[in-house]
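Dear colleague,

I am handing over a structure that is new to you, together with some notes on what was found in it. Please look at the sequence and the model first, and then read on with both at hand.

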Amino acid sequence: METIPLIGVSVWLVAKTCVLLALAIYLVFALVIIRQVGLMTDTVDVGFAAPVKLIAWGHFLFSVGIFFLAILIL
Amino acid sequence: MPDVFVAEEKKETKEKTPPKTLSVLEILRSGKKPLIPSGLDGHSQSAFASFNFFPEIVKFAAKDPSERMVLFIRKHPITNLGWILLTIVLLFVPSLLDFFPILNFLPDRFQLIIVAMWYTGIVAYAFERFLDWFFNCGIVTDETVYDVDFTNLIYREISETDIDHIQDVTVRMGGVVRTMFNYGDVFIQTAGEVPRIEFEAVPHPDRVAKILRELGFREEQEEKKQTSL
């Protein structure tokens, strides 16, 4: 296995940490989208609030899925 | 005895009634809760309508309950074409990895996660652009003009001005696409705190300007009535 000299840590462990960090930040972004959609539908309701909220939640759950998949397979 | 000749029955065809073009004043005259005739030109029950004259399905939180919503506008749907095409192109980028194996130095499990992240990012991009189009809108009531802008993820800006503060309405159209699809910008110069309200790339800009002028005229008449009393 490839290791970083001096510190003796696997390159792939560092890569995994970076990917997980990026996905964690993305999760926060997905949560912000849910909040944003809530704010928008509260302001202007055009009769399409439920599908828009559903997409926002679907996107968030998909992000959570990828995060846990990354923990498992990386 | 059988008939020798039977004339063909004339099929009664329902003539399509042309959309009714009533002015704002005519509709508002019908009382506190205006009666909206069926087939009113510009009136729609669709949530995706970019131009909705006397919308019934729209609820706006900042509106005063006594106000009557006259117009709901957002950017013309054709303005979404750019990001829709870009999204479609970006969706096919991972399939190019077969021809340009730039991720081959990574193990398969890393490649899988990166491709999944790519698709999630595209979904987020497309969704953000859709939200931007869907919720950035202009609302005209019989008393006020509102411009609702969601400039970034959690920032909301609602500019408003009273109809009687409107000083000038400018319509800007130009270019092949805008002329073909009949959309353009409407600039409202006001004497209020917000010096200018802009409705960008809205359908039927001339009609928007006409509606604003009619509402301004109505306000003037009401003011005159009040001062004469």
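**What was found**

Read from the N terminus, the elements of chain B follow the order α-β-β-β-α-α-β-β-β-β-α-β-β-α, which comes to 5 helices and 9 strands; helices (H or I, at least four residues) and strands (E, at least two) are DSSP runs, numbered from the N terminus. Please keep in mind that this is a predicted model, in which local features need pLDDT of at least 70 and side-chain atom pairs count only at pLDDT 80 or more, while totals for chains, interfaces and linings use all residues. Residues are numbered from 1 along each chain as its sequence is written, and chains are lettered from A and ligands numbered from 1 in the order in which they are written.

**The sheet of chain B**

In chain B, 5 strands form an open sheet in the order 1-3-4-5-6, with antiparallel pairing; two strands count as paired if DSSP finds at least two bridges between them. Strand 1 (51-53) and strand 6 (155-162) of chain B stand at the edges with a single partner strand each, so one side of each has no neighbour in the sheet. From one strand to the next, the twist averages 15°.

Going through the sheet, strand 3 and strand 4 of chain B run antiparallel and are joined by 5 bridges, and B:Ile73 has B:Gly138 in strand 4 of chain B as its bridge partner. B:Gly138 in turn has B:Asp147 in strand 5 of chain B as its bridge partner, where 4 bridges join the antiparallel strands 4 and 5 of chain B, a hairpin with 2 residues between the two strands. Strand 5 (residues 144-152) of chain B then pairs with strand 6 of chain B in the antiparallel sense over 8 bridges, and there B:Phe150 stands opposite B:Arg156.

Outside that strand order, strand 8 (residues 183-190) and strand 9 (residues 196-203) of chain B run antiparallel, joined by 6 bridges, and form a hairpin with 5 residues between them. In this hairpin, B:Ile188 has B:Ile197 in strand 9 of chain B as its bridge partner.

**Core and helices**

How much of chain B is buried? Of its 229 residues, 24% count as buried, where a residue is buried if 20 or more other C-beta atoms lie within 10 Å of its own, exposed if 12 or fewer, and partly exposed in between, with C-beta atoms placed from the backbone. Strand 4 of chain B is mostly covered, since 4 of its 5 residues are buried.

The largest nonpolar core (a set of buried Ala, Val, Leu, Ile, Met, Phe, Trp, Tyr and Cys residues joined through C-beta atoms within 7 Å) has 41 residues, and those with the most contacts inside it are B:Leu71, B:Ile73, B:Ile139, B:Val208 and B:Leu212. Strand 3 of chain B supplies the largest share of this core, 5 residues. Leaving aside neighbours within four places in sequence, B:Ile73 is in contact with residues including B:Phe51, B:Cys137, B:Phe199 and B:Val208; two residues are in contact if their C-beta atoms, placed from the backbone, lie within 7 Å.

Helix 5 (residues 205-228) of chain B lies across strand 3 (69-74) and strand 4 (137-141) of chain B, running at about 155° to strand 3 of chain B; axes are lines fitted to C-alpha atoms, for helices over the stretch in contact, and angles run from 0 to 180 degrees between N-to-C directions. Helix 2 (residues 81-91) and helix 3 (residues 108-135) of chain B pack at an angle of about 175°, with their axes 10 Å apart. That makes helix 2 of chain B roughly antiparallel to helix 3 of chain B, a term for angles over 145 degrees, while those under 35 count as roughly parallel, 65 to 115 as roughly perpendicular and the rest as oblique.

**Where the chains meet**

The contact takes 25 residues from chain A and 23 residues from chain B. On the side of chain A that touches chain B, helix 1 of chain A gives the most, with 11 residues. Strand 3 of chain A pairs with strand 2 (residues 59-60) of chain B in the antiparallel sense over 2 bridges, and A:Asp45 has B:Lys59 as its bridge partner there.

With best regards
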